[in-house]
Amino acid sequence: MGRGGQQSLARVAVIVRAGAAPMWWLGVVAAGTGAFIPGLTGRRTGLYAGVALFVLSAAAVALVRRRRYGGWGEATSRAGKFDYLQDRAVTLRVWRRAHVWWLAGGFIAAAGLSFAVPVAGGAALAGAGAGLWLKAVLLGRGERAGGELLWVRTDWAGRGSPVGKKVKGFRTTGLEAGDAAPGGARRPREKQARQPKQPRQAKQGKKAKAERAPV
């Protein structure tokens, strides 16, 4: 929280997709490792089970708490002029540091399950990552349709729960605010390069006018 009513805000979609890449790659590695282990059920059974778990895990993660996201998406207020918009990289780093042991435990459990059902555990973990990515994409579609980006106060989100018990609503900004596109993806480099040039050009114009003014 900032001083004098200033709030630190993090993008909702960025928090949602923060765990997508780690879960996906850890799941892929665990599933790939499990493919070399016969297991108790055999590789073919494990592969079929893995495909089913991947789909179920992705669907469950993508749909869980959809109503809460929709409800808070309607109960929004405009971000203040002096609110601090947290960078995308900072938001990702905060979430991943807070969940590093959870991710490590999930990878160990997925790899260990391969001794019983090969591939299945890793596929379920990768499916959870895919589900988070899909949820962020759906949030991005809503942001584009509404013409506003969704933000949440960092003190309410805590370690990375944009719809946790402390959250009382979202803040909104225009689509060009911050360094993350709708859905939480990284903005194209061209747009990022253009944004900081505008205030510099304005300052240079004022300075040129001051130099030309008669003394």
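In the predicted model, the secondary structure of the protein chain amounts to 10 helices and 5 strands. Of the 215 residues in the chain, 37% are buried. Among the contacts with a separation of 6 or more positions, 82% are made by residues that lie 24 or more positions apart.

Helix H3, which spans residues 43-63, comprises 21 residues and extends 30 Å from its first C-alpha to its last, close to the 30 Å expected at 1.5 Å a residue. Within H3, the residues Gly-46, Gly-50, Ser-57, Ala-58 and Ala-62 are buried. When H3 is viewed down its axis, these buried residues fall within an arc of 110 degrees, and they therefore line one face of the helix. The other side of H3 carries Arg-44, Tyr-48, Val-51, Val-55, Leu-56 and Leu-63, which are exposed.

Val-61, which has its place in helix H3, is in contact with Ala-128, Gly-131, Leu-132 and Lys-135 when its neighbours within four places in sequence are left aside. Two C-alpha distances add to the description of this part of the model. The C-alpha atoms of Val-61 and Gly-129 are separated by 8.3 Å, although the two residues are 68 residues apart along the chain. Leu-134 and Val-61, in turn, are 73 residues apart in sequence and lie 8.8 Å apart in space, C-alpha to C-alpha. Leu-134 is placed in helix H7, and with a relative accessible area of 36% this leucine is partly exposed, since a residue counts as buried under 20% and as exposed over 50%, with partly exposed in between.

Two residues other than glycine adopt a positive phi in loops that adjoin these helices. Arg-65 follows just after H3 and is found in the loop between H3 and helix H4, the latter covering residues 66-74; the phi of Arg-65 is near 65 degrees, a positive value in a residue other than glycine. The relative accessible area of Arg-65 is 42%, so this arginine is partly exposed. Val-119 is found in the loop between helix H6 (100-113) and H7, and its phi is near 75 degrees, again a positive value in a residue other than glycine. In the case of Val-119 the relative accessible area is 13%, so this valine is buried.

The largest pocket holds about 360 Å³ of space. Its lining is formed by 17 residues, of which Val-16, Tyr-69, Trp-95, Leu-132 and Gly-160 lie nearest the centre of the pocket. The elements that contribute two or more residues to this lining are helix H1 (12-17) and helix H7 (120-146), and H7 gives the most, with 3 residues. Sorted by class, the lining of the largest pocket consists of 12 nonpolar, 3 polar and 2 charged residues. Leu-132 links the pocket to the description of H3 given above, being one of the residues nearest the centre of the largest pocket and one of the residues in contact with Val-61.

Notes: Residues are numbered from 1 along each chain as its sequence is written. This is a predicted model: local features need pLDDT of at least 70, side-chain atom pairs count only at pLDDT 80 or more; totals for chains, interfaces and linings use all residues. Side-chain values use heavy atoms; hydrogens and water are left out. On a 1 Å grid over the protein atoms alone, a cavity is a set of points where a 1.4 Å probe fits but cannot get out, and a pocket is an open set with protein on both sides within 12 Å along at least five of seven lines; lining residues have an atom within 4 Å of a point. Grid points are joined across faces, edges and corners, and a volume is the space filled by probe spheres set on the points. Helices (H or I, at least four residues) and strands (E, at least two) are DSSP runs, numbered from the N terminus. Ala, Val, Leu, Ile, Met, Phe, Trp, Tyr, Cys and Pro count as nonpolar, Asp, Glu, Lys and Arg as charged, and the others, Gly among them, as polar. The expected span of a helix is 1.5 Å times one less than its number of residues. Buried means under 20% relative accessible area, exposed over 50%, partly exposed in between (1.4 Å probe, protein chains only). The arc is that of the directions from the helix axis to the C-beta atoms. Contact means heavy atoms within 4.5 Å.
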